[in-house]
Structure formats: structure tokens, C-alpha cells
Amino acid sequence: MTDASVGATFTALSDPTRRQLVGMIAERGSVTASEVARELPITRQAVAKHLAVLHDAGLAVPARAGRETRYALEPSGLVDAAAWMTQVGAEWDVRLRRLQEHAASADRRAG
């Protein structure tokens, strides 16, 4: 897990359409740009660009299937982002616990 890979994941997921695409891929196993374009109010070219961003971020893997390119989810990018959030959350838990201990100590001294 690197800062760059986690950053790329968050950048890719900052767009609601790309988050929707990740959900569609996760639900279906794989999708094509044409399939998605039939369901969303955007063009096939726009879908292809969103899928390319997901691929560049390491979140989707393209595979040729005849004349189509199917995109499947690559969960490692999501796992890295979740691990980063867990790490940051744990650091904040420690800080908050220290703050609570300090406040309790101050209350005892004042009381």
C-alpha cells in the first residue's frame, strides 16, 4: 500500500458515476461499456472513460471477450484504501483515548 495507490483509489472513487460502476461490476462480476451505457444516462464513450480511470487506479481489470472488453473488479485497491482508513482510524482512537484520560484527570484535580 503506497500513498500514490491509495490516492488513486480515492480520486477514482470521488466521482459518483465511478462509484456506481464499481457497484455494478461487484454485483455482476463484469461489465462492458455498452452494457453500462444502456442503463445509465451517459454515452458509451463517457462510460469507457470512467472505466479507464478505474483501470488506471487499479480498481478494474479489462479482458477481451471477442469484440468486447469486459471489466472485472480488482479488489486489492479497495483493500488498500480500507487498510489506510483503518490505520488512520486507529491513530485517532489513540488520540481520543488520551484526550479522554486527560479530561478525566483534569476533572479529578478540579473536583
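# Exercises on a predicted model

**Exercise 1. Describe the hairpin and the sheet to which it belongs.**

Strands E2 and E3 form a hairpin with two residues between them, and in the turn Gly66 has a positive phi of about 70 degrees. Keep in mind throughout that the structure is a predicted model.

Begin with the pairing: six bridges join E2 to strand E3, which covers residues 68-73, and the two strands run antiparallel. Two partners can then be located along this pairing, since Ala65 has Glu68 as its bridge partner in E3, while Pro62 stands opposite Tyr71 in E3.

Now widen the view to the whole sheet, which is open, has three strands in the order E1-E3-E2, and shows antiparallel pairing. The edge strands are E1 (30-31) and E2 (60-65), each of which pairs on one side only. Finally, add the helix that packs on this sheet: H4 touches E2 and E3, and its direction makes about 120 degrees with that of E2.

**Exercise 2. Work out whether the length of H4 agrees with its number of residues, and find which residues lie on its buried side.**

First, compare the expected and actual spans: at 1.5 Å a residue, the 13 residues of H4 should span 18 Å, and because the end C-alpha atoms are 18 Å apart, the two values agree.

Second, list the buried residues of H4, which are Val47, His50, Leu51 and Leu54. Seen down the helix axis, these buried residues fall within an arc of 100 degrees, so they line one face of H4. A general rule helps here: an α-helix has 3.6 residues a turn, so residues three or four places apart point the same way.

Third, turn to the face of H4 directed away from the buried side, where the exposed residues Gln45, Lys49 and Asp56 are found. After the helix comes Gly58, whose phi is positive, near 80 degrees.

**Exercise 3. Repeat the analysis for H2.**

The 13 residues of H2 should span 18 Å at 1.5 Å a residue, and the end C-alpha atoms are 18 Å apart, which agrees. The buried residues in H2 are Arg18, Leu21, Val22, Met24 and Ile25. Viewed down the axis of H2, they fall within an arc of 165 degrees, so they line one face of the helix. The face turned away from this buried side carries the exposed residues Pro16, Ala26 and Glu27.

**Exercise 4. Identify the elements that contribute to the largest nonpolar core, and trace the contacts of Leu51.**

The largest nonpolar core has 18 residues, and those with the most contacts inside it are Leu21, Val36, Val47, Leu51, Leu54 and Leu59. The elements that give two or more residues to this core are H1 (3-13), H2 (16-28), H3 (33-39) and H4 (44-56), and H2 gives the most, with four residues.

Next, follow Leu51: not counting residues up to four places away in sequence, it touches Leu21, Ile25, Ala33 and Tyr71.

**Exercise 5. Decide whether Thr32 is buried or exposed, and name its contacts.**

Thr32 lies in the loop between E1 and H3. Its relative accessible area is 3%, and because buried means under 20%, Thr32 counts as buried. Leaving aside its neighbours within four places in sequence, Thr32 is in contact with Glu68, Thr69 and Arg70.

Note on methods:
Residues are numbered from 1 along each chain as its sequence is written. This is a predicted model: local features need pLDDT of at least 70, side-chain atom pairs count only at pLDDT 80 or more; totals for chains, interfaces and linings use all residues. Side-chain values use heavy atoms; hydrogens and water are left out. A nonpolar core is a set of buried Ala, Val, Leu, Ile, Met, Phe, Trp, Tyr and Cys residues joined through side-chain atoms within 4.5 Å. Buried means under 20% relative accessible area, exposed over 50%, partly exposed in between (1.4 Å probe, protein chains only). Contact means heavy atoms within 4.5 Å. The expected span of a helix is 1.5 Å times one less than its number of residues. The arc is that of the directions from the helix axis to the C-beta atoms. Two strands pair if DSSP finds at least two bridges between them. Axes are lines fitted to C-alpha atoms, for helices over the stretch in contact, and angles run from 0 to 180 degrees between N-to-C directions.
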